[in-house]
Amino acid sequence: MNPLSGFGTLLYKELLRFWKVAFQTVAAPVLTTLLYLLIFSHVMQGRAPVYGEVPYAAFLVPGLVMMAVLQNAFANSSSSLIQSKVTGNIIFVLLPPLSHWEFFAAYVLASVVRGMAVGAGVLLVSLAFVGLSFEHPLWIIAFALAGSAILGTLGLIAGIWADKFDQVAAFQSFLIMPLTFLSGVFYSIHSLPAFWQDLSRFNPFFYMIDGFRYGFFGVSDIDPALSLAVALANLLVFTAVTLALLRRGYKLRF
Amino acid sequence: MIPAIQIQQVHKRFGSVQALCGIDLEVAQGEFFGLLGPNGAGKTTVINILAGLARADSGSVRVLGHDVVTQYRESRRALGVVPQELVFDPFFSVRETLRFQSGYFGLGRNDAWIDEVMHHLDLTGKAGANMRSLSGGMKRRVLVAQALVHKPPVIVLDEPTAGVDVELRQGLWEFVRGLNRDGHTIVLTTHYLEEAEAMCARIAMLKQGRVVALDTTSNLINRRDSLYLKLRIGGAALPPALAERVRDSAEGTHTLRLRSHAELESVLAQVREAGAQIEELELLQPDLEDVFVQIMRDAKG
């Protein structure tokens with residue numbers, strides 16, 4: 001008996017789950033984000049100060065890519081878990097001898113893959129419309145991985161905590177979306193009044209997007225090393241919380 | 001030999017409801033054990049705690065000697081559970097479902113066994129079908145297959161024939177009996193007392209979280225130590241002296257309680273003296289249903 005295959009199977013199943021409905025889970029978010037790009041770049045060009053010479057559309061793309069990564073990573077684990085809980089088939093992953101580490105890793109990794117897949121899709125399609133630079137590609141990948149892992153973990157927490165679909169939706173609408181939209185996806189925080197600028201620095205998502213953008217333009221508000229450290233610290237905290245919830249069987253094992 | 005299942009002083013509370021109040025049960029390896037009780041008695045709670053789907057507040061539960069909390073890997077590997085509800089994952093086909101289940105238990109290449117199980121449960125034709133497209137009976141069979149992919153020595157079935165047609169019920173009974181003959185320990189919960197009587201060698205009866213009876217099936221039945229006489233008479237009413245023996249009457253047929261075969265003669269004599277004719281007569285052996293009802297009534301909590 002190969003103990004690793006428990007984790008491997010759950011990971012494979014979670015990947016297959018979103019891949020089977022790729023239209024909904026990958027193609028649709030790519031299209032939606034493309035619409036944001038086309039509309040916002042058209043409307044905002046020349047009106048919002050961003051990074052000096054950088055055209056608004058080019059500035060916008062990394063923000064949109066990251067937004068797609070974060071939202072889809074969150075959606076993957078949260079929707080999978082709440083669906084399983086509501087329909088009852090969660091018991092099939094609770095009955096086997098899977099440890100909470102395996103459970104955690106499978107769901108989060110699948111979310112990372114989904115987040116990266118959608119992000120890559122958005123990026124590729126955007127390249128057809130906007131010229132981009134890739135100054136520090138390794139930072140791009142690092143922040144994309146960190147971001148999708150964090151949101152995959154948050155999605156797991158949301159899925160564990162929620163009893164109904166609309167509680168997951170509330171988590172998404174009242175927590176994830178505001179944090180995402182107010183993190184500098186559509187604007188540089190320099191365009192905000194001082195108070196809001198400072199407040200933005202308390203938003204963990206800001207660091208992810210700022211660092212991610214650094215990978216493209218070589219320019220950022222915060223030192224990318226610091227941003228990555230903040231992101232990893234967040235990941236550590238959320239991971240610890242999730243593992244504690246899983247170990248206790250909170251809302252999964254009564 | 002290590003018991004298949006050991007449940008010691010298990011208590012479980014859900015909010016304000018005390019679901020289990022000090023349950024003590026032991027099931028030997030290779031047994032065919034029945035867990036009976038009215039709705040809300042705690043049967044599913046016991047199963048959930050066994051399977052790790054719930055955690056007892058106190059007490060200890062072991063499967064083949066492995067504690068279900070501290071040694072969950074070994075205990076879960078030894079246990080197969082067929083749940084009561086027809087749950088399934090609508091994204092996958094039958095074969096995918098069984099492959100995943102195998103994989104979760106650490107069995108990478110299990111197709112040969114999966115094929116065999118599907119064959120025994122008459123699912124081969126539906127191997128590629130999406131779970132959503134199956135009838136209730138087929139979904140039930142897939143649930144049984146899912147519980148068997150890792151060849152667990154202990155198998156628990158929670159009301160497996162609820163709402164199932166006669167043919168499938170007979171098929172499942174035969175199949176489960178076969179598993180027991182092969183050495184698997186079977187724990188069955190059911191509301192069909194004829195099923196429990198036919199299949200289980202030993203039975204525990206739960207009421208409101210307590211074990212109110214625990215004995216072999218034959219002992220439980222013989223405990224009642226009464227026979228029943230089904231009688232339809234014409235020409236006169238049933239003599240009042242016999243009224244206290246009546247368990248129930250339906251469409252003119254009375255079911256009378258007898259303490260032994262010897263009483264048969266006197267009952268028939270009383271009927272004759274009342275001037276009635278016997279139109280129909282049947283002598284019934286005691287059954288588990290009567291025992292169950294009596295025990296439940298006596299165990300008023």
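User: Is the crossing of α3(B) and α5(B) left-handed or right-handed, and what makes it so?

Analyst: The crossing of α3(B) and α5(B) is right-handed, because a crossing takes that name when the near helix is turned clockwise from the far one by less than a right angle, and is left-handed when the turn is anticlockwise. Both helices belong to a predicted model, in which local features need pLDDT of at least 70, side-chain atom pairs count only at pLDDT 80 or more, and totals for chains, interfaces and linings use all residues. Residues are numbered from 1 along each chain as its sequence is written, while chains are lettered from A and ligands numbered from 1 in the order in which they are written.

User: How do you know whether α3(B) is roughly parallel to α5(B)?

Analyst: The axes of α3(B) and helix α5 (residues 136-148) of chain B come within 9 Å and cross at roughly 25 degrees, where axes are lines fitted to C-alpha atoms, for helices over the stretch in contact, and angles run from 0 to 180 degrees between N-to-C directions. Angles under 35 degrees count as roughly parallel, over 145 as roughly antiparallel, 65 to 115 as roughly perpendicular and the rest as oblique, which means that α3(B) is roughly parallel to α5(B).

User: Which residues of α3(B) and α5(B) meet, and what makes a residue of that contact nonpolar, polar or charged?

Analyst: V94(B), T97(B), L98(B) and Q101(B) of α3(B) meet V142(B), A145(B) and Q146(B) of α5(B), a contact being two C-beta atoms, placed from the backbone, within 7 Å. Ala, Val, Leu, Ile, Met, Phe, Trp, Tyr, Cys and Pro count as nonpolar, Asp, Glu, Lys and Arg as charged, and the others, Gly among them, as polar, and this contact accordingly has 4 nonpolar, 3 polar and no charged residues.

User: Why are α3(A) and α5(A) called roughly parallel or antiparallel to each other?

Analyst: The axes of helix α3 (residues 56-87) and helix α5 (residues 100-127) of chain A come within 8 Å and cross at roughly 150 degrees, and α3(A) and α5(A) are therefore roughly antiparallel to each other. The crossing is right-handed, and the residues of this contact divide into 15 nonpolar, 8 polar and 1 charged.

User: How are α6(A) and α10(A) placed, roughly parallel to each other or not?

Analyst: The axes of helix α6 (residues 137-161) and helix α10 (residues 224-248) of chain A come within 9 Å and cross at roughly 25 degrees, so α6(A) and α10(A) are roughly parallel to each other. Their crossing is left-handed, and the contact is made by residues including W139(A) and F143(A) of α6(A) and F238(A) and L245(A) of α10(A). By class, this contact has 18 nonpolar, 5 polar and no charged residues.

User: What makes up the side of chain B that touches chain A?

Analyst: In all, 25 residues of chain B are in contact with 25 residues of chain A. On the chain B side, α2 (72-77) and α3 (94-104) each supply at least two residues, and that side has 13 nonpolar, 6 polar and 6 charged residues.

User: How do you know the confidence in chain A, and where is it lowest and highest?

Analyst: Chain A averages a pLDDT (the predictor's confidence in each residue, from 0 to 100) of 90, and 96% of the residues score at least 70. Confidence in chain A is lowest in helix α8 (residues 194-200), at a mean of 85, and highest in α6(A), at 96.

Key:
Helix = DSSP H or I, 4+ residues; strand = E, 2+ residues; numbered from the N terminus.
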